[in-house]
Every structure is written in C-alpha cells, then in structure tokens.
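Here are a few short exercises, each with a worked solution to follow at your own pace. Please have the structure open and try each task before reading on.

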Amino acid sequence: MSTKTLIEKKSNKNFEETYITLKNTLEANPNLKILLELDHSKNAVSVDLELLPTRIILFGNPKLGTVLMKDNQTVGIDLPQKILLMEKDGIVKIIYNNPIYLKERHQLSNATAEVLQKVSTALDTVTNIAIGA
C-alpha cells in the first residue's frame, strides 16, 4: 500500500490572512499547542537572499503524539506536526504530512489507527478553516 505522503490545499485567502487564520485556529484549540513559528522568507533576507513567502508552524498534542511514539519512537522525527504555508505565482498553499502515511513510514501497529484518524481529522479541520474552504 502506498499512501500520499503530503496533503496540499489551495487557499481562498491571501498569504497573511491564511497564516493569521491558521495560527488563531490552532491557538483556539485547547488540545493543541504551538511550539514554533518559522519564517523561511525572513531568514533568507537575513543572509541577503530572496524567498517567496514561506512559513512553518510546528504544533502538537502530546496525548496523541506520545501514543504514536510509544508504538515506534521513530515517528518522533515527524512530530510535532507541522504545516507549511507558501505562496508561489500568486497562489497560497497549505501543505502538511499525511498522518495516515506515518503508519506506513514508521510501521505503526493497527492499534494507532484511531489516533492517526483523530490527527488526520484535526489537520483537515484546521487547514480548511485557514484556507476558507
């Protein structure tokens, strides 16, 4: 079985609106905690290079992530969850790892299926809100 590794969605909003909506949606969820925001474009400018708008938000829910890592610690390389927001040719996209793919990649047991489905549903919900779907 081969699962699509990345999920990509086109936003109906501009870059900044999409980013702010995503951040606010994550912050409003009591089960999620933002751990890091990374602005690749800003970092590029710091070394006199240019990069189209590109940011990442890392966030997680230890109650779910820990269950996955107890099954196979290698999944920790993909946790916490992260969402990439980018703009290219005037199109704003949100991209994230497909949580269901983690089962295949890290050979997780069937016991993690419910957790992976919860993560998948949560990511789908917050990203749909962010893009204005």
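**Exercise 1. Describe how H3 and H5 pack, starting with the hand of their crossing.**

Solution. Begin with the hand: H3 and H5 cross in a left-handed manner. Keep in mind that this is a predicted model. Next, recall what a description of this kind needs: two packed helices are described by the angle between their axes and the distance between the axes. For this pair, the axes come within 10 Å and cross at roughly 140°. Finally, classify the angle: antiparallel would need a value over 145 degrees, so H3 is oblique to H5.

**Exercise 2. Find the largest pocket and work out what lines it.**

Solution. Start with its volume, which is about 370 Å³. The elements that each give two or more residues to its lining are S3, H3 (62–71) and H5 (113–131). The two helices of the first exercise thus return here, and H3 gives the most, with seven residues. In total, 22 residues line the pocket, and those nearest its centre are Leu32, Gly60, Asn61, Leu64 and Val119. Now sort the lining by class: 13 residues are nonpolar, seven are polar and two are charged.

**Exercise 3. Trace the sheet from edge to edge and find partners across its strands.**

Solution. First write down the order. Five strands make an open sheet, arranged S1-S5-S4-S3-S2, with antiparallel pairing. At the edges are S1 (6–10) and S2 (33–39), each of which pairs on one side only. On average, neighbouring strands are turned by 20° against each other, direction ignored.

Then take S4 (residues 81–88) and look to both sides. Towards S3 (residues 54–60), six bridges join the antiparallel pair, and Leu58 faces Lys82 of S4. Towards S5 (residues 91–97), six bridges again join an antiparallel pair. Here Ile83 is opposite Tyr96 of S5, while Leu85 has Ile94 as its bridge partner.

To round off, think about the faces: in a regular strand the side chains alternate between the two faces of the sheet.

**Exercise 4. Which backbone features stand out in the loops and the hairpin?**

Solution. Set the expectation first: most residues other than glycine have a negative phi, and most peptide bonds are trans. Now go through the cases one by one.

- Asp48 is a residue other than glycine with a positive phi, near 60°. Asp48 sits in the loop that runs between H2 (40–45) and S3.
- Asp89 also has a positive phi, near 55°, and belongs to the hairpin of S4 and S5, where two residues lie between the strands.
- The peptide bond from Leu79 to Pro80 is cis, and its omega is near 5°. Pro80 is part of the loop between H3 and S4.

Place these on the model: the cis bond leads into Pro80, in the loop between H3 and S4, and Asp89 is in the hairpin of S4 and S5.

Notes
Residues numbered from 1 in each chain as written. Predicted model: local features only at pLDDT ≥ 70, side-chain atom pairs only at ≥ 80, totals over all residues. Heavy atoms only, no water. Pairing = 2+ DSSP bridges. Helix = DSSP H or I, 4+ residues; strand = E, 2+ residues; numbered from the N terminus. 1 Å grid on protein atoms, 1.4 Å probe; cavity = no way out; pocket = protein on both sides within 12 Å on 5 of 7 lines; lining within 4 Å. Points joined across faces, edges and corners; volume = space filled by probe spheres on them. Nonpolar A, V, L, I, M, F, W, Y, C, P; charged D, E, K, R; others polar. Axes fitted to C-alpha atoms, helices over the stretch in contact; angles between N-to-C directions. Parallel < 35°, antiparallel > 145°, perpendicular 65-115°, else oblique. Left-handed = near helix turned anticlockwise from the far one by under 90°.
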